[in-house]
Structure formats: structure tokens, C-alpha cells
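Please walk through this structure, beginning with its disulfides and the burial of their cysteines, and then turning to the chain as a whole and its pocket.

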Amino acid sequence: MKTLQSTLLLLLFVPLIKPAPPTQQDPRIIYDYGTDNFEESIFSQDYEDKYLDGKNIKEKETVIIPDEKSLQLQKDESITPLPPKKENDEMPTCLLCVCLSGSVYCEEVDIDAVPPLPKESAYLYARFNKIKKLTAKDFADIPNLRRLDFTGNLIEDIEDGTFSKLTLLEELSLAENQLLKLPVLPPKLTLFNAKHNKIKSRGIKANAFKKLNNLSFLYLDHNALESVPLNLPESLRVIHLQFNSITSITDDTFCKANDTSYIRDRIEEIRLEGNPISLGKHPNSFICLKRLPIGSYI
């Protein structure tokens, strides 16, 4: 009788015991493969997983003090890091000079050669340094240069072709150097300054300025010229030739001897003072000019 009662009680309580629920799948690893932002979802999930895993690991970390042997082992197994990339590998000029919006300022920094320039350079100011020579390689890959200023250096020589690729160059200053002759000049120059050098007339080719149809300002004062350069372009407005060794001029120097109607109306100033010449002895040399040259007429 007791056995029957125990069996009945067991049957009554069995329905009250609920089975354990099935293991739920982590909703985080369910992806919608049909959406356009699938890669974004993967990246987001990967970030969350790493962040959460790292957070859990950090919480479980215990402080371990390594012994000397362990530290030595880590040192031996460490990978030698690559040397850091030097900043001047790409822009060496801008470490020594100042590079700003296509302009490079290298003034009074004692450089003795033209530094490597950023390819987009348009203006270079390298005044008052110790540069002795300009070469064809200096500007071979800098085609956008519009202005070069080397005033106050020690330049004695300029290789042929140094400026041959600078088709956009408009202003070139080689003032206060040690030049004995002029290089071939780029065709679009509007200003050329080579005052305070040692240039003699034989150092200027007969057609040096002939094709420079945009040249407006020519400064060759304080040199050793014995005569006025030939074939000066019609575009000239200002010509400085003072304090040279010019002893004579001809009717063709500024005008055209065979054309008495020719007027050179663009020239605003010609300076010839400080030369061993009496301009009053050459009246026909100025008949085409609106203004007489500055100099001695006695």
C-alpha cells in the first residue's frame, strides 16, 4: 500500500519539472548578407569583439613581476625595429629652409649648393649663401619655377643648359656674385639682374638678349663691360649699365642708324653714369629715345 502511494506522488510532481531551455545563439554573430553594409557590419562586429575580449582579459589580469632571466629572454627575442623614415627623405629642403605654398626661402643658411626642391616649387629665394656653381641638374625636375633669386652668393660658373627647361621662369637674379660670363637665358624672362659681378663684354654672346621678347628690366650695372650689349629687345623699359668700363656707343646701340623714323617708345630709363664715356659725343645714338640716358655729357 505504501509503495502505491509513493508512486502516485511521484507522478503528480513530474509535470512540474520544466526542461532546460535550449542554448540561445549569440545574436551578435547574425549578419544580413543581403544588405549593402555587410562590410561595415563585419568591421563593427570585429571591433566590438576585440574591445569586449580585451576588456574581459584586462579585468582578469594579475600583476606579474618578471625576473631578470625573463627580461633577458624577451630582449633577445625582440625584433629589431626598422629605422624610422627620415622626414628629409621627401622634403629635405624644408628642414633647412622654409617651404610655403610653392615658395622656398633659403636665405642666409650657409648652403653651398642648390638644395633639392619640392617639385611644385614656383619661387626660390636663396640669397646670401655660399653657392659657387649652378648646374643643369639643379632644376631638371622643377619645371614650374617662375622666380629664382641667388643674390649675394659666390657663383662663378653656370653650366650650359641650367635654365633650358625653365620655360615659365620670369625673374632671375644673379646679383652680387662672381660671374665672368652670362649663361643662356630662358625665353620668358621679364626681369634679369646680374649687377655687381665681374662680367666683361666678351662674356655676353651677341644674341644673348635678342629673343627675350618679354624682357622689361635689365640690370648689368657694376660689372666690367667695355660696351653696351648688342641686340637688346624692343620690350625693354629699364636698362642699368652704370659703373662699367663702357668707352663708346654707336648709332645702332639703342636706335637704328638706317631708320630715322624709328622710335623706341618703351624705354623709360637708361643709366650710363660712372662709365669712361662722354655721351655728348654721340648725339645720334639717342635720337630714337624719348628720354636721354643718365650719364656724363661732357
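C106 has a relative accessible area of 0%, so this cysteine is buried, the cut-off being under 20%. In this predicted model, C106 is bonded to C97, and the two sulfur atoms lie 1.9 Å apart. C97 has a relative accessibility of 6% and therefore counts as buried too. The S-S torsion of C97 and C106 is about 105°, which means that this disulfide is right-handed.

A further disulfide connects C255 with C288, with an S to S distance of 1.9 Å. This pair bridges distant parts of the chain, with the two positions 33 residues apart in numbering. C255 sits in the loop between β10 (238-240) and β11 (269-271), while C288 belongs to the segment after β11. The torsion about the S-S bond of C255 and C288 is about -85°, so this disulfide is left-handed. C255 is buried because its relative accessible area is 6%, below the 20% cut-off. C288 is likewise buried, its relative accessible area being 1%. With a cut-off of 2.5 Å between cysteine sulfur atoms, the total is two disulfides.

The protein chain around these bonds contains four helices and 11 strands. It has 298 residues, and 33% of them count as buried. Among contacts in the protein chain with a separation of 6 or more, 42% are between residues 24 or more positions apart. The area exposed by the protein chain is about 20300 Å², and 54% of that area comes from carbon and sulfur atoms.

What remains is the pocket. The volume of the largest pocket is about 250 Å³. Its lining is made up of 14 residues, of which N231, L232, E234, D252 and R264 are the closest to the centre. By residue class, the lining of the largest pocket holds six nonpolar, three polar and five charged residues.

Taken together, the two disulfides can be set side by side by their S-S torsions. The bond of C97 and C106, at about 105°, is right-handed, whereas the bond of C255 and C288, at about -85°, is left-handed.

Notes:
Residues are numbered from 1 along each chain as its sequence is written. This is a predicted model: local features need pLDDT of at least 70, side-chain atom pairs count only at pLDDT 80 or more; totals for chains, interfaces and linings use all residues. Side-chain values use heavy atoms; hydrogens and water are left out. Buried means under 20% relative accessible area, exposed over 50%, partly exposed in between (1.4 Å probe, protein chains only). Contact means heavy atoms within 4.5 Å. Accessible areas come from the Shrake-Rupley method with a 1.4 Å probe; for residues, only the protein chains shown count as cover. On a 1 Å grid over the protein atoms alone, a cavity is a set of points where a 1.4 Å probe fits but cannot get out, and a pocket is an open set with protein on both sides within 12 Å along at least five of seven lines; lining residues have an atom within 4 Å of a point. Grid points are joined across faces, edges and corners, and a volume is the space filled by probe spheres set on the points. Ala, Val, Leu, Ile, Met, Phe, Trp, Tyr, Cys and Pro count as nonpolar, Asp, Glu, Lys and Arg as charged, and the others, Gly among them, as polar.
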